[in-house]
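Let's take a walk through this one, beginning with the empty space inside and ending with the strands. Keep the 3D view open as you read.

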Amino acid sequence: MIRRLLFVALALGLAGCSAVGHWRQAAGGHLGILRASRPVADWLADPATPPDLAQRLQLTQQMRDFASRQLALPDNNSYRRYADLHRPAAVWNIVAAPEFGLTLKTWCYPIMGCAGYQGWFDRAEADAHAAELGAEGWEVQVQAIPAYSTLGWSRWLGGDPLLNTFVRYPEGELAAMLFHELAHQRVYLSDDTAFNEAYASAVELLGAREWLAGRPEALAAFEAGRARRAAFLQLAREGRDRLQAVYEGAAEARAAGKAAVMAELRERAVREAPGYEGWFQRANNASFAILSAYSDLVPAFERLFEREGRDWPRFHSAVERLGALSREQRREALRVAPR
């Protein structure tokens, strides 16, 4: 572990002051979460643990076993501990895009590679950095994130813990959250946010359905929620495509065209995406860009799962093989996968 930390320190020293400042708060924030966590067994043995929390923690351990046994996800110490952070989010992500563009700003770090978001453990710090980006002309969103993955690197410190920020989710969404984060520990590419998030999102959806197969009421509730989300995604994709067309058009017409598209989306959301009206009220280019990273490639990964005979080890192996290709080759391979 000392060798790893020395390597990180050297890499940060070469990265510049801004990266050092961000990594310092990231390391401190994660260590704070680990310090707050205790083994699930300790929480279950503690008479002060509320009964509803104890029931949830027991359920997560069943899900955790299922993830490794049935979904071929890593079998390690992640999600065997629990922490109450006394706050509504694990981390706050900054996402940014140009005023007339849908390409995410990326941040690159030693070892971890590049990502289309930057995480902060303190909301005030996130807001301050978002304001700086806004002053530079970026359209910015600060998003509350309930969970994140250290890609298995923190296993020697106890693993990624369960958190109060998501442990009381409905059963299907709780399973989906765990499976998504564990998928990042199975396959993660340092240069392709959209690939990583779509793969993990496909794992969460397919895995949650398997988990709920013998629980008809919970499965029905999960599918109803996902149907509402699908309607939201459909409207958001349509809006994104129309915005892209505006941005590729005449420069003098972009501002008016963008305003017209956004106004129409907000009006249609009331009818076509109930429950997501607030998202469209707050949305900007950064919102549409990050949503694309999480959703656009999911159907392609679902088709790949079917092509591999719904066999989880074979599916993960196929994804790993795609990871060895260039970004363009990955997209082409996913695009031509049999439907």
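The largest cavity holds about 60 Å³ of space. Here a cavity is a set of points, on a 1 Å grid over the protein atoms alone, where a 1.4 Å probe fits but cannot get out; grid points are joined across faces, edges and corners, and the volume is the space filled by probe spheres set on the points. Keep in mind that this is a predicted model, where local features need pLDDT of at least 70 and side-chain atom pairs count only at pLDDT 80 or more, while totals for chains, interfaces and linings use all residues. Residues are numbered from 1 along each chain as its sequence is written, and side-chain values use heavy atoms, with hydrogens and water left out.

What lines the largest cavity? Going round it, you meet H30, I33, Y79, A147, Y148, D160, P161, L163 and F166, where lining means having an atom within 4 Å of a point. By class that gives seven nonpolar, one polar and one charged residues, with Ala, Val, Leu, Ile, Met, Phe, Trp, Tyr, Cys and Pro counted as nonpolar, Asp, Glu, Lys and Arg as charged, and the others, Gly among them, as polar.

Searching the whole structure turns up two cavities of 30 Å³ or more. The second largest has a volume of about 40 Å³, and its lining has four nonpolar, two polar and three charged residues. Among those lining residues are L233, A236, R237, R240, F288 and L291.

L233, A236 and R240 also turn up among the buried residues of α8, buried being under 20% relative accessible area with a 1.4 Å probe and protein chains only. Helices are DSSP runs of H or I with at least four residues, strands are E runs of at least two, and both are numbered from the N terminus. How far should α8 span? At 1.5 Å a residue, its 32 residues should cover 46 Å, and the end C-alpha atoms are indeed 46 Å apart; the expected span is 1.5 Å times one less than the number of residues.

Now back to L163, from the lining of the largest cavity. L163 sits in β8, opposite A83. Strand β2 (residues 81-83) pairs with β8 in the parallel sense over two bridges, and pairing requires at least two DSSP bridges between the strands. An open sheet of three strands runs β1-β2-β8, with mixed pairing. Its edge strands, β1 (38-39) and β8 (162-163), each pair on one side only.

Elsewhere, β3 (residues 91-97) runs antiparallel to β7, joined by seven bridges. One of the contacts is N93 with its bridge partner Q143 in β7. Strand β7 (residues 139-145) is mostly covered, with five of its seven residues buried.

Technical notes:
On a 1 Å grid over the protein atoms alone, a cavity is a set of points where a 1.4 Å probe fits but cannot get out, and a pocket is an open set with protein on both sides within 12 Å along at least five of seven lines; lining residues have an atom within 4 Å of a point. Buried means under 20% relative accessible area, exposed over 50%, partly exposed in between (1.4 Å probe, protein chains only).
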